[in-house]
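I opened the structure today to look up a few of its parts. My notes follow in the order in which I checked them.

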Amino acid sequence: MKPLLEIENLTVAIDDEPLLSGVNLTVAPGEIHIVFGPNGTGKSSLIKAIMGLPPYRVTSGDVRFEGESILGLPIDERARLGVGLAFQQPPAVRDVSLSALSKALGIEKGKLDDEAAGLGMGGHINGGLNDGFSGGEQKRSELLQLLLQRPKLLLIDEPESGVDVDSLKLLTAVIDASSSGTSRSGNEPSAGSSSPTPGASSNTCTPRAATSWLMGGSYARGRRSISSIRSQQTGSETALPRRE
Ligand SMILES: Nc1ncnc2c1ncn2[C@@H]1O[C@H](COP(=O)(O)OP(=O)(O)OP(=O)(O)O)[C@@H](O)[C@H]1O
Ligand SMILES: [Mg+2]
């Protein structure tokens, strides 16, 4: 299958300080790949460099999305192509609500309400984005924003950090839905059944069929929980070496 993402011999620096070198990774549609490594090895930096965020500077190598290099593109164009990012530590944006964001994306209010309820975030759509959210709520908010954008490639950084078992089950349900192209399950955070979300349409907030996932995770905590998330999936685990 034609690759969705190709990372070739990528070297990333901050100012003149090298951060990553010689990273190679190919992700096909529908695949899940997990990047592991001890704290500080550059997992988040890799994910943010793919998205084009500063201060991560690609000094050599290439990142191709659907066969074309995206290194010359600004962040918003990468997002429009279908690259989505969920931060490890999302910033709070007090003057932007999930509701305003959803409106800007052209999502109907009823759809947002359904998706927010499904993620247990119904009470958080009108306040500032991530403003005062608990750690787990921030993760769900990130997931909700991504589902609203419907990216083809989902870069999700430490999805398991700070979340409870129900949230992990929810994430698993979302991943399962993306691989099968069906609506994700249930209206409660602990949902694990396969019944479709009431009111959810196949062309709005549910993951696309064959969504690809690139997840970052630290060793001790991440290996077990992320591995269980992708238990029924194919894909690879890439280990970043500890930095000197
Ligand atoms: N914006 C930045 N400015 C300065 N240094 C940075 C910046 N971002 C990352 N670094 C440094 O780059 C290295 C890699 O950081 P990164 O956040 O990518 O690691 P990580 O593998 O995601 O770690 P963790 O498991 O703790 O999330 C660290 O030494 C970090 O201090
Ligand atoms: Mg990180």
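**Strand E10 and its partners**

I began with strand E10, where Ser212, Leu214 and Gly216 point one way and Trp213, Met215 and Gly217 point the other way, all of them buried. I kept in mind that this is a predicted model. In a regular strand the side chains alternate between the two faces of the sheet. E10 covers residues 212-217, and six of the six are buried, so the strand is largely enclosed by the rest of the structure.

Next I asked which way strand E3 runs relative to E10. E3 (residues 32-36) and E10 run parallel, joined by five bridges. I noted Ile32 opposite Trp213 in E10. Strand E9 (residues 153-157) is parallel to E10 as well, and five bridges join the pair. Here I found Asp157 standing opposite Gly216 in E10.

**The nonpolar core**

I then looked up the largest nonpolar core, which has 45 residues. Which of its members touch the most others? I listed Ile50, Leu143, Leu144, Leu153, Leu155 and Leu214. In soluble globular proteins, nonpolar side chains tend to be buried together.

I followed Leu153 further, leaving out residues up to four places away in sequence. Leu153 touches Leu4, Leu5, Val27, Gly82, Val83, Gly84, Ser212 and Leu214. Two of these names, Ser212 and Leu214, I had already written down under E10.

**Helix H1**

H1 spans residues 43-51, and seven of the nine are buried, so I recorded the helix as largely enclosed by the rest of the structure. The buried ones are Lys43, Ser45, Leu46, Ile47, Lys48, Ala49 and Ile50. I had met Ile50 before, in the list of core residues that touch the most other members. After H1 comes Gly52, with a positive phi near 90 degrees.

**Helix H4**

In H4 (residues 109-118) I found Leu112, Asp114, Glu115, Ala116 and Gly118 buried. What covers these buried residues? I found that the cover includes helix H3 (98-104) and helix H5 (135-149). Just after H4, Gly120 has a positive phi of about 65 degrees.

**Leu170**

My last entry is Leu170, in helix H6 (residues 165-180). Is Leu170 buried or exposed? I counted 26 other C-beta atoms within 10 Å, and a residue with 20 or more is buried, so I entered Leu170 as buried. I also looked up Arg140, which is 30 residues from Leu170 along the chain. The C-alpha atoms of the two are separated by 9.3 Å.

How values were computed. Residues are numbered from 1 along each chain as its sequence is written. Chains are lettered from A and ligands numbered from 1 in the order in which they are written. This is a predicted model: local features need pLDDT of at least 70, side-chain atom pairs count only at pLDDT 80 or more; totals for chains, interfaces and linings use all residues. A residue is buried if 20 or more other C-beta atoms lie within 10 Å of its own, exposed if 12 or fewer, and partly exposed in between; C-beta atoms are placed from the backbone. Helices (H or I, at least four residues) and strands (E, at least two) are DSSP runs, numbered from the N terminus. Two strands pair if DSSP finds at least two bridges between them. Two residues are in contact if their C-beta atoms, placed from the backbone, lie within 7 Å. A nonpolar core is a set of buried Ala, Val, Leu, Ile, Met, Phe, Trp, Tyr and Cys residues joined through C-beta atoms within 7 Å.
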